[in-house]
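User: Please take me through this model, starting with how its parts pack. Keep it plain.

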Amino acid sequence: MADTSVSSNSHRIQNAPIGIFDSGLGGLTVLHQLYQQLPQESIIYLGDTARVPYGTRSPGEIVQFMREILAWMLQQQVKMVVAACNTSSALALDIVQKEFPIPIIDLILPGAKAAVQYGKRIGVLATPATVASNAYKRAILEIDASVQVWQVGCPEFVPLIEQNRIHDPYTKEVARDYLNFLLQQRIDTLVYGCTHYPHLAPVLRSLLPRTVKLIDPAEYVVAATAQELELLGLKNTYSPSFTRFCVTGCPQQFAQSSLPWLGYTPNVEAICLTAVQSRLV
């Protein structure tokens, strides 16, 4: 006779949601890809909007934020977490992966693999913290040491996107300044080193030669997530639940700001994250 308790537990884990987090709206680009590639999965989205932007934070702060988020995700009984935040992936992933008993998928390696498939002269736009970590440059060069990589920190992008100023003329001028150095290097590929930046695609595309390939790591991290689900036997075989949206800041503001990207106004919960120290004894 089959062990029904084991079977029931397996079904419960498969049916559990995937957790996805970002400092704010940026992770919606990853959420969109999850909807496209893994429509059968249930999702909990957490935006740490009370502490956005992450890109000018210290490494210690980012590690602490990620610990708090992952501890909260475990309380929600997620089966996997997608770190839809390049800054967190660059500064904290290696530390927290050792502390939490759950698969954590990051953006940097999938994005780096995609970049070297398309280009030899690769530009990376990212937050100052991600650029300072050299995470993308290291990952790209480890895959293909023959390519050239240039990085530019973009401290103004995330606040402008969070304020819904994408089509503001000032935003285009800021983008022009950030791209100027990369254009001088004659890049053939540009990596969005922050999940917020695909929201700026119309602006960036208007300033770049058509020959420059834009790489959105969100597309590739979800493909990696699908592979991991398959490998671990965690693919959901049931009907998905509605996406649950949670923020640490103002839920009404997030709901209003996310409308253009989601196509609907989501129900958003305000949650509190509690301080978590290192889980390693």
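Analyst: First, a term: contact means heavy atoms within 4.5 Å. Helices (H or I, at least four residues) and strands (E, at least two) are DSSP runs, numbered from the N terminus. The model is predicted, so local features need pLDDT of at least 70 and side-chain atom pairs count only at pLDDT 80 or more, while totals for chains, interfaces and linings use all residues. Residues are numbered from 1 along each chain as its sequence is written, and side-chain values use heavy atoms, with hydrogens and water left out.

User: OK. Which residues of H5 and H11 meet?

Analyst: On the H5 side they are Pro110, Gly111, Ala114 and Tyr118, and on the H11 side Pro217, Tyr220, Val221 and Ala224. By class that contact has seven nonpolar, one polar and no charged residues. Ala, Val, Leu, Ile, Met, Phe, Trp, Tyr, Cys and Pro count as nonpolar, Asp, Glu, Lys and Arg as charged, and the others, Gly among them, as polar.

User: At what angle do H5 and H11 pack?

Analyst: About 115 degrees, with the axes of H5 (residues 108-118) and H11 (residues 217-232) 8 Å apart. Axes are lines fitted to C-alpha atoms, for helices over the stretch in contact, and angles run from 0 to 180 degrees between N-to-C directions. The crossing of H5 and H11 is right-handed, meaning that the near helix is turned clockwise from the far one by less than a right angle; anticlockwise would be left-handed.

User: And H3 with H4, how do their axes cross?

Analyst: At roughly 70 degrees, with the axes of H3 (residues 59-75) and H4 (residues 86-96) coming within 9 Å. H3 and H4 are therefore roughly perpendicular; that label covers 65 to 115 degrees, with under 35 roughly parallel, over 145 roughly antiparallel and the rest oblique. Their crossing is right-handed. H3 brings residues including Ile62, Met66 and Leu70 to the contact, and H4 brings residues including Leu91, Ala92 and Val96. By class, this contact has 10 nonpolar, two polar and one charged residues.

User: What does Ile95 touch?

Analyst: Ile95 touches Val63 and Arg67, leaving out residues up to four places away in sequence. Ile95 and Arg67 are 28 residues apart in sequence and 9.4 Å apart in space, C-alpha to C-alpha. At 36% relative accessibility, Ile95 is partly exposed: buried means under 20% relative accessible area, exposed over 50%, partly exposed in between (1.4 Å probe, protein chains only).

User: Change of topic. How many disulfides?

Analyst: Zero, taking a disulfide as a pair of cysteine sulfur atoms within 2.5 Å. For Cys154, the nearest cysteine sulfur is that of Cys194, 8.7 Å away.

User: Why is Cys250 without a bond?

Analyst: Because the closest cysteine sulfur, in Cys272, is 13 Å from that of Cys250, which is too far.

User: Are those two, Cys154 and Cys250, buried or partly exposed?

Analyst: Cys154 is buried, at 2% relative accessibility. Cys250 is partly exposed, at 38%.

User: What about the backbone: which residues does a cis peptide bond join?

Analyst: Val52 and Pro53, with omega about 0 degrees. Pro53 sits in the loop between strand E2 (43-47) and H3. Most peptide bonds are trans, and most residues other than glycine have a negative phi.

User: Where is phi of Asn134, and that of Asn164?

Analyst: Both are positive: near 60 degrees for Asn134 and near 55 degrees for Asn164. Asn134 is in the loop between H6 (128-133) and H7 (135-143), and Asn164 is in the loop between H8 (157-162) and H9 (169-184). Asn134 is partly exposed at 31% relative accessibility, and Asn164 is partly exposed at 49%.
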